[in-house]
Amino acid sequence: MTVFSLWAIALPALLVLGLAAWAVATARHNAGLVDIFWSLFFVLAASVYAAGAGFTGERVVLLLVLVCLWGLRLALHLALRNWFQVRTLAARNGHGVPSAMDEALQRAFDFSVHVHQPHGSAPSF
């Protein structure tokens, strides 16, 4: 299978993810939400390319796992950063923040504390 044919196979899936990101950002009137999705494009593309090319083996699985972990970690980081911006803007404009938002943020922080090492870096594999 050629590189072009793999690209053609991945394109529809990437377009659907791009349209979903655009729809969410448009509905929420927050273009910053698109940033959360861009790291997921790498996860989707790597998965489609590996499946389309019929790649098998330990190295391919390891590479896919690493790309997935990186992409999901970056998406979580960007989502938390966006959440902080929402809270900051709400405080600046005198609007209250729902308690459910603060509870979800606390759960995300708790998860982040358990994932990171004591000196602040994520564990390496």
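In which hand does helix 1 pass helix 2? Here are a few notes on this predicted model, starting with that point.

1. The crossing of helix 1 past helix 2 is right-handed. Helix 1 covers residues 3-28, and its axis lies 9 Å from that of helix 2, at an angle of about 160°. Angles over 145 degrees count as roughly antiparallel, so helix 1 is roughly antiparallel to helix 2.

2. On the helix 1 side, the residues making this contact include Leu6, Trp7, Ile9, Leu14, Leu17, Gly18 and Arg28. Helix 2 answers with, among them, Leu33, Phe37, Phe41, Leu44, Tyr49 and Gly52. By class, the contact of helix 1 with helix 2 holds 20 nonpolar residues, two polar and one charged.

3. Helix 2 also packs with helix 3: their axes come within 8 Å and cross at roughly 170°. That angle makes helix 2 roughly antiparallel to helix 3. Here the contact divides into 18 nonpolar, four polar and two charged residues.

4. Now for the largest nonpolar core, which has six residues: Ala25, Leu33, Ile36, Leu74, Ala75 and Leu78. Helix 2 (33-53) and helix 3 (58-92) each supply at least two of them, and the largest share, three residues, comes from helix 3.

5. Leu33 is a nice residue to click on, as a member of that core that also takes part in the contact of helix 1 with helix 2. Leaving aside residues up to four places away in sequence, Leu33 touches Val24, Ala25, Arg28 and Asn82. Of these neighbours, Ala25 belongs to the largest nonpolar core too.

Key. Residues numbered from 1 in each chain as written. Predicted model: local features only at pLDDT ≥ 70, side-chain atom pairs only at ≥ 80, totals over all residues. Heavy atoms only, no water. Core = buried A, V, L, I, M, F, W, Y, C linked by side-chain atoms within 4.5 Å. Buried < 20%, exposed > 50% of the residue type's maximum accessible area, 1.4 Å probe, protein only. Helix = DSSP H or I, 4+ residues; strand = E, 2+ residues; numbered from the N terminus. Contact = heavy atoms within 4.5 Å. Axes fitted to C-alpha atoms, helices over the stretch in contact; angles between N-to-C directions. Parallel < 35°, antiparallel > 145°, perpendicular 65-115°, else oblique. Left-handed = near helix turned anticlockwise from the far one by under 90°. Nonpolar A, V, L, I, M, F, W, Y, C, P; charged D, E, K, R; others polar.
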